[in-house]
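Subject: A structure for you to look at

Hi there,

I am passing a structure on to you, together with some notes on what turned up in it. Could you have a look when you get a moment?

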Amino acid sequence: MEAYEILKDLAIIIFFAKTFGIIARKCKAPQVVGQIIAGLLIGPCVLGWVQQTDFITQMAEVGVILLMFSAGLDTDLKELIKTGPIAFLIACAGVLVPLVLGTILYMVFYGFAPWGDEAFYKAVFIGTIMTATSVSITVASLQELGKIKTKVGTTIVSAAIIDDVIGIIVLTFVIGFKNPDSNPAMVLIKTVVFFIVAIIGGFLVYKTFYFLDERYPHTRRIPIVSLAFCFALSYIAEKYFGIADITGAYVAGIVLCNLSDTQYIERKMDVSSYMIFGPVFFASIGLKTSFDGMNSKLFAFCIAFVIVALLSKIVGCGLVSKLCKYNFSDSVKIGVGMMTRGEVALIVAQKGLSVGLLTADYFTAVILLILVSSISTPIILKFLYTKDAKSAGI
C-alpha cells in the first residue's frame with residue numbers, strides 16, 4: 001500500500017464520521033452512534049472504500065487512550081469520595097450482575113466451559129463488556145429534566161463513575177488471566193502493585209503539575225506535558241504490569257483531575273480527539289464489524305445480549321438501591337440511569353478484539369446495545385419523572 005493512500009483513507013473517515021455524527025446528533029442520538037454507522041458504511045460491510053490497516057489500528061489505539069484520559073480528567077474526585085458507600089454498593093451490583101449474567105448467556109448459547117479454557121475466558125469477556133456504563137447520556141437527560149443535582153441524580157453519576165473504575169479493573173484481570181503464562185495470584189499482585197505505584201507516584205506527579213500550573217497557568221506546555229504523562233503511564237501499565245494501557249490513561253486523568261487548569265487541559269485534548277483520533281477510533285469499530293458470520297444463532301445471541309445487558313443493570317442497581325432505603329420509584333430510576341452504554345463498552349470490546357477474546361462478529365451485539373440503550377434511556381427516565389410529577393399533582 002502506497003503511503004499517500006493513507007491520506008485518502010483519513011479524508012474519507014473524517015468526512016463521513018463527522019457528517020454522520022452531526023446527523024445522529026440531530027436525531028437526538030449520541031454522535032458516536034453516527035460515527036460507528038459511518039465506519040460500517042465506508043468499510044468492507046457495505047461500500048468497501050476503506051479497509052482496516054495497521055496505520056488505522058494504531059491511530060485508533062491513540063484515540064482510545066485519549067478518550068480514557070479525558071474520562072479521567074472529567075472525574076469529580078471529591079464528589080466520588082463524598083457519595084460514600086451507597087454509590088459504591090450500587091456500582092458493585094452494576095458490575096457483578098451483568099458480569100455473571102453475561103457469562104452465563106454466552107455459555108448458554110455456545111456451551112459451558114471449565115475455568116482456564118479459552119471458551120471460559122471468552123464468556124467472561126462478554127460479561128465484562130456488559131459491566132460498562134456511559135453516564136454522559138444520562139447526565140444530559142437529567143440536566144434537561146432539572147434533576148441532575150437531586151439525590152437520585154448525584155447517586156447515578158457517582159455510581160456510574162465508580163462502575164467504570166471497577167469495570168476497568170475487571171477488564172485488567174480478564175486480560176491478565178487470558179495470558180497462559182499468568183496465574184490469578186500474580187495478576188492480583190501486579191494489579192495491586194500498579195495501583196500502589198500509581199497512588200504514590202501520582203501524588204508526586206500531581207504536586208509537580210500543581211507547581212507548573214501555578215507558575216505557568218493557561219499555557220500550552222501544561223497540556224503537552226500532561227499528554228506525555230498520559231502516554232508514559234499507559235506504556236508503563238502495559239509493559240511492566242501487564243495492565244491494559246487504557247487503565248494507565250484513565251489513572252493519568254484522575255491524577256490530574258483536580259488541577260485548576262484541568263478544564264483547559266481537557267479542551268486541548270479534545271481538539272486532537274474531536275478532530276481526528278476520536279472519529280478514527282469510532283469509525284474503526286465499524287470497519288472491523290463483520291456480518292460474514294451472521295446466522296440465526298448469532299442474531300438470536302445479539303438480541304439476547306441487548307436484553308440481558310439492559311435488564312441486568314436495572315435489576316442489579318435497582319435492587320441494591322432499594323436495600324439502601326430508596327423508594328421503589330427512585331430505585332427504578334437509578335437502575336435505568338445506569339443502563340446506558342457508550343464509549344467504555346466500545347473500548348472494552350476493542351481491547352478484547354486486540355487480545356483475541358472477541359471476534360468482529362460480536363461487535364454487532366455491542367453496537368446494537370449502544371443504539372438501543374442510548375435511545376431508550378432518556379425516554380424511560382422522562383416517563384418515570386413525568387409519572388411521579390403527575391402522581392404528586394405537580
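A word on naming before anything else: a helix here is a DSSP run of H or I with at least four residues, and the numbering starts from the N terminus. In those terms, Gly43 sits in the loop between helix 2 and helix 3 (54–73).

Please keep in mind that this is a predicted model. Mean pLDDT for the protein chain comes to 79, with 88% of its residues at 70 or more. Helix 13 (residues 296–323) has the highest confidence, a mean of 89, while helix 7 (residues 135–145) has the lowest, a mean of 66.

Back to Gly43, then. Is Gly43 buried or exposed? Its relative accessibility is 0%, so Gly43 counts as buried. In space, the C-alpha atom of Gly43 is 4.7 Å from that of Leu287, although 244 residues separate the two in sequence.

Just before that loop comes helix 2 (residues 31–42), which has 12 residues. Its end C-alpha atoms lie 17 Å apart, and this agrees with the 16 Å that 1.5 Å a residue should give. Nine of the 12 residues are buried, so helix 2 is largely enclosed by the rest of the structure. Among the buried ones are Val32, Val33, Ile36, Leu40 and Ile42, along with the glycines Gly34 and Gly39.

Helix 6 (residues 118–131) can be read in a similar way. From first C-alpha to last, its 14 residues reach 20 Å, close to the expected 20 Å. Because 11 of those 14 residues are buried, helix 6 is largely enclosed by the rest of the structure. The buried set includes the aromatic residues Phe120, Tyr121 and Phe125, and also Thr128, Met130 and Thr131.

You may want to spend some time on the second largest pocket. It holds about 520 Å³ of space. Seventeen residues line this pocket, and those closest to its centre are Leu77, Ile199, Val251, Ile254 and Val255. Helix 4 (77–82), helix 8 (151–178), helix 9 (184–215) and helix 11 (245–255) each give two or more residues to the lining. Which helix gives the most? That is helix 9, with six residues. As for the chemistry of the lining, 14 residues are nonpolar, three are polar and none is charged.

Two of those central residues can be taken as a pair. Ile199 belongs to helix 9, and its C-alpha atom is 8.2 Å from that of Val255, with the two positions 56 residues apart along the chain. Why does Ile199 count as exposed? Its relative accessibility is 60%, and the cut-off for exposed is over 50%.

Two serines also came up. Ser373 is in helix 16 (residues 363–391) and, at 0% relative accessibility, counts as buried. A polar atom of the Ser373 side chain lies 2.8 Å from the backbone oxygen of Leu369. Ser234, placed in helix 10 (residues 221–241), counts as buried too, at 3% relative accessibility. The C-alpha atoms of Ser234 and Ala244 are 7.6 Å apart, and the two residues are 10 apart along the chain.

One last residue for your list is Lys325. It has a positive phi of about 80°, although it is not a glycine. You will find Lys325 in the loop between helix 13 and helix 14 (328–337). With 77% relative accessibility, Lys325 counts as exposed.

That is everything from my side for now. Do write back with any questions.

Best wishes

Terms used:
Residues numbered from 1 in each chain as written. Heavy atoms only, no water. pLDDT = per-residue confidence, 0-100. 1 Å grid on protein atoms, 1.4 Å probe; cavity = no way out; pocket = protein on both sides within 12 Å on 5 of 7 lines; lining within 4 Å. Points joined across faces, edges and corners; volume = space filled by probe spheres on them. Nonpolar A, V, L, I, M, F, W, Y, C, P; charged D, E, K, R; others polar. Buried < 20%, exposed > 50% of the residue type's maximum accessible area, 1.4 Å probe, protein only. Expected span 1.5 Å × (residues − 1). Polar contact = N/O pair within 3.5 Å; in protein donor to acceptor, adjacent residues only side chain to side chain.
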